[in-house]
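Reader: Please walk me through the cysteines and the core of this protein. Keep it brisk.

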Amino acid sequence: MASTEDKAASKENKSSWKDSIYNPRTGELLGRTASSWALILLFYLVFYCFLAGMFALTMWVMLLTLDDSVPKYRDRIPYPGLVIRPNSLDISFNKSDPSNYAQYVQNLNISLNSYNDTEQEKNENCIPGEYTLQDDSEEIAKKVCRFKRSTLSRCSGLSDTNFGYHEGKPCVLLKMNRIIGLKPSGDPYINCTVKKDNPVQMQYFPYEGRIDKMYFPYYGKKAHESYVQPLVAVKLLLTKEDYNKELSVECRVEGSNLRNNDERDKFLGRVTFRIKVVE
């Protein structure tokens, strides 16, 4: 039988456990009075408002140093990459089946829409072989040098709407990525090679795959709104001996100071793709 002292101790312990949540004698909730809770909440409110204000002020000052047209730091991408159209690094098709290569033809047509002669008539004739230097002020819209689709001749999709895919002599388009302020020296051009014993004949449009310096420099998407990159079209003159084989083609930017041999970046100034034509 429990003694009176044991009952009193049990009652006291039970009372202490409840008091840790709310003590009716002192009015404390979780060990703090109402005034104590008000003071600590006020402290954290002021503290976090101060932190938010400091963050907002820092962001505002940083944004004042940025230009809407030109990135502040551009040292990580000093040289352009090379990209291919149609947008595939593995081109494989049956030249006797139009539905088999329709996706490539469609992709090329979409890529060339902005180069249509009707669109390019809005742009200006620039001086070949010279940089088109313009005022750096972002308030002044930059002029765009004209690059007509018809410049690509047999790979323009105008005279041959299938871009040579129906005859097993496909065209691919190559262009460099846009880099603000880039002015390649020398006389840049595109050169493609096929990794096989017997060389494959190729045709380049424009002549010799030249990339004219008049399309440089680029002033940024906002300032140079309707800018179009110069293209180089390569027509692969494959023969029957080349059919049913997977050929590896590498294209590089040559003749300038643009890098094309960085092993850490396989697309810097070059691109490698595979092509297979089936009869």
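Author: What follows is a set of short questions and answers on disulfides and the core. This is a predicted model, where local features need pLDDT of at least 70, side-chain atom pairs count only at pLDDT 80 or more, and totals for chains, interfaces and linings use all residues. Residues are numbered from 1 along each chain as its sequence is written, and side-chain values use heavy atoms, with hydrogens and water left out.

Reader: How many disulfides are there by the sulfur-distance rule?

Author: A disulfide is a pair of cysteine sulfur atoms within 2.5 Å. Counting bonded cysteines along the chain, the pattern is 1-2, 3-4, 5-6. The count by this rule is 3 disulfides.

Reader: Which hand does the link of C126 and C145 have, left or right?

Author: The sulfur atoms of C126 and C145 lie 2.1 Å apart. The two cysteines are 19 residues apart, both in the loop between α4 (117-120) and β5 (171-176); helices (H or I, at least four residues) and strands (E, at least two) are DSSP runs, numbered from the N terminus. The angle about the S-S bond is -95 degrees, and the link of C126 and C145 is left-handed.

Reader: Are C155 and C171 buried or exposed?

Author: C155 is bonded to C171, S to S 2.0 Å. C155 sits in the loop between α4 and β5, and C171 in strand β5, 16 residues apart. Buried means under 20% relative accessible area, exposed over 50%, partly exposed in between (1.4 Å probe, protein chains only). Both C155 and C171 are buried.

Reader: Why does the disulfide of C192 and C251 count as right-handed?

Author: This pair links strand β6 (residues 189-194), which holds C192, to strand β9 (residues 247-254), which holds C251, 59 residues apart. Their sulfur atoms are 2.0 Å apart. The disulfide is right-handed because the torsion about the S-S bond of C192 and C251 is about 110 degrees.

Reader: What is the relative accessible area of C251?

Author: Its partner C192 counts as buried at 7% relative accessibility. C251 is buried too, and its relative accessible area is 0%.

Reader: Which residues have the most contacts inside the largest nonpolar core?

Author: A nonpolar core is a set of buried Ala, Val, Leu, Ile, Met, Phe, Trp, Tyr and Cys residues joined through side-chain atoms within 4.5 Å. The largest one has 55 residues. Those with the most contacts inside it are Y165, I190, C192, V234 and C251.

Reader: Is C49 buried, partly exposed or exposed?

Author: The relative accessibility of C49 is 48%. C49 therefore counts as partly exposed.
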